[in-house]
Amino acid sequence: MSAKRVKSAEKRLKPGRIQAVLTTLGREIAQQIIPAGAVLPPESDLEVRFGVGRGVVREAIKTLSGKGLVSVRPRHGTRVLPSRDWSLLDRDVLNWLVGHDKPDRALLLAIQEVRSIIEPAAASLAAIRATKEDRLRINAAWKAMEASDEQAAATAADKAFHLAILDATHNPVLQGFRGAIDTILSAVFLVAVDSVGGWFDDNLQNHAVVARAIEEGDAKKARKAMERVISLTQSKLSRPSAGARHRNGRPNAPGNRRRVK
């Protein structure tokens, strides 16, 4: 293979290699495997560890720095910063923090507080600004929630519902929270499905009230209903139940599903 072809192949592979290094280091920092105040190994050591070139390592560290996880100073190395400096609403950072096993419940409750600030206001604005197409998307997501009979479908529909409301605000700053809200909801569902009995069915009616208020253009009602949606989830996460394991990956066992009309 010619040198030109080798260089071209390396260029195509580089983004994937950068992402692999970034994800591994990001998770290790977020999970405190590499604690705050620690200095990352020299670039040469990271090159050997990951089997990549210096350019890949530097790009990964540059991205970590942009997300607030590390500080890069000449002759002082790359030092891990405390979590207060991290971009906690960054999708990657949230994913690294919540992981895929058992997310930190205290972190989820803190995140729920952020939701309680953003989403009721978004529902209020959506009631005022939603177009016909926006309302159709919100109602379609609600109907999919109500009709879902297994975990994956329920989760996807619930996320679609909340994201459709953010979009319906037609506020570009609020819409910028889509990635964070998407990741937050995934983390909340991961805990709720495993340990919080009744979390889904108990909140279906509150979601219905939100959708109806937006359909009617009632901003105050939409805000209050969304506050109830988030408050119920927060209360259940604060007091995790020891309910039975859910069968077939569903939020509730088949015989216990209460339909909301």
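**Packing of helices α7 and α10 and the nonpolar cores**

In this predicted model, the axes of helix α7 (residues 151–168) and helix α10 (residues 201–216) come within 12 Å of each other and cross at roughly 30°. Angles under 35 degrees count as roughly parallel, and α7 and α10 are therefore roughly parallel to each other. The crossing of these two helices is left-handed. On the side of α7, the residues that take part in the meeting are Asp-158, Phe-161, His-162 and Ile-165, while α10 contributes His-207, Val-210, Ala-211 and Ile-214. Sorted by class, the residues in this contact of α7 with α10 comprise five nonpolar, two polar and one charged.

Several of these residues appear again in the description of the protein interior. The largest nonpolar core has 45 residues, and those that touch the most other members are Ile-138, Phe-161, Ile-165, Val-210, Ile-214 and Met-226. Two or more residues are given to this core by each of the elements α4 (91–98), α5 (105–129), α6, α7, α9 (178–195), α10 and α11 (219–238), and α7 gives the most, with eight residues. In soluble globular proteins, nonpolar side chains tend to be buried together.

Met-226 illustrates how such a core member is surrounded by residues from elsewhere in the sequence. When its neighbours within four places in sequence are left aside, Met-226 is in contact with Glu-119, Pro-120, Ala-123, Phe-161, His-162, Ile-165 and Val-210. A second, separate core of 22 residues is also found, and includes Ile-18, Val-21, Ala-60 and Leu-97.

A further residue considered here is Trp-142, which is placed in helix α6 (residues 132–147). Because its relative accessibility is 12%, and buried means under 20%, Trp-142 counts as buried. Although Trp-142 and Ala-211 are 69 residues apart in sequence, their C-alpha atoms are 7.3 Å apart in space. Ala-211 is also one of the α10 residues that meet α7.

For the protein as a whole, eleven helices and two strands are present, and, when read along the sequence, these elements follow the pattern α-α-α-β-β-α-α-α-α-α-α-α-α. Of the 261 residues in the protein, 43% are buried. Among contacts between residues at least 6 apart in sequence, 72% join residues that are at least 24 apart.

Technical notes: Residues numbered from 1 in each chain as written. Predicted model: local features only at pLDDT ≥ 70, side-chain atom pairs only at ≥ 80, totals over all residues. Heavy atoms only, no water. Axes fitted to C-alpha atoms, helices over the stretch in contact; angles between N-to-C directions. Helix = DSSP H or I, 4+ residues; strand = E, 2+ residues; numbered from the N terminus. Parallel < 35°, antiparallel > 145°, perpendicular 65-115°, else oblique. Left-handed = near helix turned anticlockwise from the far one by under 90°. Contact = heavy atoms within 4.5 Å. Nonpolar A, V, L, I, M, F, W, Y, C, P; charged D, E, K, R; others polar. Buried < 20%, exposed > 50% of the residue type's maximum accessible area, 1.4 Å probe, protein only. Core = buried A, V, L, I, M, F, W, Y, C linked by side-chain atoms within 4.5 Å.
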